[in-house]
Amino acid sequence: IVLRDPQAVAPVQAPRWEQVREEVLMFGDRFVLLAVERMRSSGSIRISLMEVGRCSPFQVELPGHGGVGKHRVHAQLCALPGGALLLSVEEVAAPPILAIRISESGGVAAP
């Protein structure tokens, strides 16, 4: 039996990511899973790309509250096992939208 002091501080829980959207995209004969998550407590946004059937996710995180009067833009080349993709993420404050653009790399090979 474990007795607990009612005035003891509750254990700190790790922040939780809330899934906002999940899509399956097709690039030729490749399928890529796109997942968008948001952490309510901090306002951070995390975008994950993963080829279906492969265990090599690629993640980009926009930290903090960007939608509060700020315009945030992030662009990166994502090296996935089947080839590279170009990822662009744009968070606009007013009206509040998150625009995600993904295209094939056009000849840039993944390492």
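1. In this predicted model, E91 and R72 are joined by a salt bridge in which the closest N and O atoms lie 2.6 Å apart. The pair connects distant parts of the chain, since E91 belongs to strand β6 (residues 83-92) and R72 to strand β5 (residues 72-80), with their positions 19 residues apart in sequence. E91 is buried, its relative accessible area being 4%, and R72 is buried as well, with a value of 13%. Through salt bridges that share partners, R38, R72 and E91 form one network.

2. R72 also appears among the residues in contact with L62, which, once neighbours within four places in sequence are set aside, are S44, I45, R72, H74 and V89. L62 itself is found in strand β4 (residues 58-62), and it counts as buried because its relative accessibility is 6%, where the cut-off for buried is under 20%. Although L62 and S44 are 18 residues apart in sequence, their C-alpha atoms are 5.6 Å apart in space.

3. A second salt bridge to look at pairs R46 with E37, the closest N and O atoms being 2.9 Å apart, and here R46 and E37 are both buried.

4. The salt bridge between the side chains of E23 and R21, with an N to O distance of 2.8 Å, has a partly exposed member in E23, at 29% relative accessible area, and an exposed one in R21, at 51%.

5. For the structure as a whole, the search finds seven salt bridges, including those of E91 with R72, R46 with E37 and E23 with R21.

Notes:
Residues are numbered from 1 along each chain as its sequence is written. This is a predicted model: local features need pLDDT of at least 70, side-chain atom pairs count only at pLDDT 80 or more; totals for chains, interfaces and linings use all residues. Side-chain values use heavy atoms; hydrogens and water are left out. Helices (H or I, at least four residues) and strands (E, at least two) are DSSP runs, numbered from the N terminus. Buried means under 20% relative accessible area, exposed over 50%, partly exposed in between (1.4 Å probe, protein chains only). Contact means heavy atoms within 4.5 Å. A salt bridge is a side-chain nitrogen of Lys or Arg within 4 Å of a carboxyl oxygen of Asp or Glu.
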